[in-house]
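Subject: Structure handover and notes

Dear colleague,

I am passing on the structure we spoke of, together with my notes on what was found in it. Please have it open while you read, as the notes follow the elements one by one.

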Amino acid sequence: MTVYVIGHKNPDTDAVCSAIGYAAFLRATTRPDAVAAACGDANARTRMALERAGIDPSKVLVDVRPRAGRICRRDVVTACDHDSLVDLYERMRQHNLRAIPVLDAAGNLRGMCSLLNLLELLLPDSDDPIDNRNVESSLNRIAKVIHGTFQYASEPEREETLIVMVGAMSADNFTKRMHQFPSANLIIVAGDRPTVQLPAIEYGVRSLVVTGGYQLSPGLISLAQERGVSILTSPLDTATTTLLIRGAKRITRAIDTDFLSFSEDTLLLDVRKQVQKSPQVLFPVVDDHKKLVGVFSKSDLVNPEPTKLILVDHNEIGQAVTGAEDAEILEVI
């Protein structure tokens with residue numbers, strides 16, 4: 001962790017040059033992380049001395065009170081707003097996460113997504129039978145989730161709202177039920193059942209997913225091409241395939257865009273006040289351009305590591321940089 005070598009407030013040449021010299025000594029010996037700092041801008045005399053010596057001015061540091069940018073974890077696992085539910089759940093499970101920041105295609109922070117959000121997306125609270133069948137996705141994303149392959153594909157990259165229907169009833173009842181939904185949005189899931197496959201293709205559904213590793217006959221494939229019906233084969237059984245197709249939903253509707261975030265410079269004192277009553281479990285930290293810098297949880301606020309200081313050219317806390325009383329002072333010279 002960085003240790004700052006710093007003089008007193010309203011720094012003169014002694015304070016600035018002492019910090020520069022001792023920080024250079026530390027970097028050459030025991031503390032490669034030592035940084036020279038000044039508690040304010042250098043005056044004209046000090047600037048002239050530094051210029052003649054060919055030395056850059058010190059980092060200006062007028063307040064060392066802990067801030068959000070210091071406590072956040074910067075190796076952040078993120079999601080994209082076009083991720084599928086299954087892919088995101090697997091990523092969160094792998095990294096043992098309860099929430100994750102979501103970025104858009106430009107890398108801007110779009111919102112936050114929690115495990116509860118994903119569960120609500122998988123099991124929507126709706127009495128509308130059609131809404132419960134809806135999957136906002138693409139055929140490519142569905143193929144990836146079910147580990148399937150295409151026998152024939154028509155615009156598989158297109159993002160659309162699909163209506164999932166399982167061909168598990170008699171052929172007559174299935175056909176009647178199928179015609180209650182618009183063909184352009186239907187995705188039919190069925191095993192090796194030609195009596196279901198044929199009417200689905202003739203109806204011109206968006207896609208037919210054949211489960212159990214079975215494939216369609218050349219005749220049915222030819223008809224599917226004529227009707228523009230994408231044919232996808234799944235190595236899994238019908239129940240598992242159907243569940244995973246629901247998990248191929250884009251996470252868009254699970255993204256919480258009403259979330260609490262902080263700038264890097266927000267004091268921890270202010271952070272604690274704001275997060276105290278928030279149900280949010282993970283808080284993003286952003287820079288001046290609203291780009292994600294890092295994240296922290298409430299537990300990171302319990303015992304944050306203090307700023308490490310070495311004071312030079314003074315020995316009174318009243319003359320020290322603001323926040324020195326809460327810092328870890330390693331040396332006083």
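Two strands are taken to pair if DSSP finds at least two bridges between them. Please also keep in mind throughout that this is a predicted model.

With that criterion, 3 strands form an open sheet in the order S4-S5-S6, and the pairing in it is mixed. Strand S4 (79-80) and S6 stand at the edges with a single partner strand each, so one side of each is left without a neighbour in the sheet. S4 pairs with strand S5 (residues 99-103) in the parallel sense, over 2 bridges, and within S5 it is Val102 that stands opposite Ala79. Helix H4 packs on this sheet, where it touches S4, S5 and S6, and its direction makes about 130° with that of S5.

H4 also has a part in the surroundings of helix H5 (residues 115-122), in which Asn117, Leu118 and Leu121 are buried. Seen down the axis of H5, these buried residues fall within an arc of 100°, so they line one face of the helix. What covers them includes helix H4 (85-94) and strand S6 (109-114).

Further along the chain, the largest nonpolar core has 21 residues, and those with the most contacts inside it are Met178, Leu186, Ile188, Ile201, Leu208, Leu216 and Ile231. At least two residues of this core are supplied by each of strand S9 (160-166), helix H8 (171-178), strand S10 (186-190), helix H9 (194-203), strand S11 (207-210) and helix H10 (218-227), and the largest share, 4 residues, comes from H10. To follow one of these residues outward, Leu186 touches Ile163, Met165, Met178, Phe181, Tyr203, Val205, Arg206 and Ser207, if residues up to four places away in sequence are not counted.

Ile231 of the core brings us to strand S12 (residues 230-233), both faces of which are covered: Ser230 and Leu232 on one side, and Ile231 and Thr233 on the other, are all buried. S12 is joined to strand S8 (residues 149-152) by 3 bridges, and these two strands run antiparallel; Phe150 has Leu232 as its bridge partner in S12. With S11, by contrast, S12 pairs in the parallel sense over 4 bridges, and Leu232 is the bridge partner of Val209 too. Between S11 and S12 the chain crosses through H10, and this β-α-β crossover is right-handed.

Two backbone conformations may also deserve a look in your viewer. Lys290 has a positive phi of about 65° although it is not a glycine, and it lies in the loop between strand S14 (283-286) and strand S15 (292-296). The residue is exposed, with a relative accessible area of 58%. Asp313, likewise not a glycine, has a positive phi of about 65°, and is found in the loop between strand S16 (308-311) and strand S17 (328-332). At 32% relative accessibility, Asp313 counts as partly exposed.

With best wishes

Definitions and conventions:
Residues are numbered from 1 along each chain as its sequence is written. This is a predicted model: local features need pLDDT of at least 70, side-chain atom pairs count only at pLDDT 80 or more; totals for chains, interfaces and linings use all residues. Side-chain values use heavy atoms; hydrogens and water are left out. Buried means under 20% relative accessible area, exposed over 50%, partly exposed in between (1.4 Å probe, protein chains only). The arc is that of the directions from the helix axis to the C-beta atoms. Contact means heavy atoms within 4.5 Å. A nonpolar core is a set of buried Ala, Val, Leu, Ile, Met, Phe, Trp, Tyr and Cys residues joined through side-chain atoms within 4.5 Å. Axes are lines fitted to C-alpha atoms, for helices over the stretch in contact, and angles run from 0 to 180 degrees between N-to-C directions. A crossover is right-handed if, with the strands pointing away from the viewer, the path from the first strand over the helix to the second runs clockwise.
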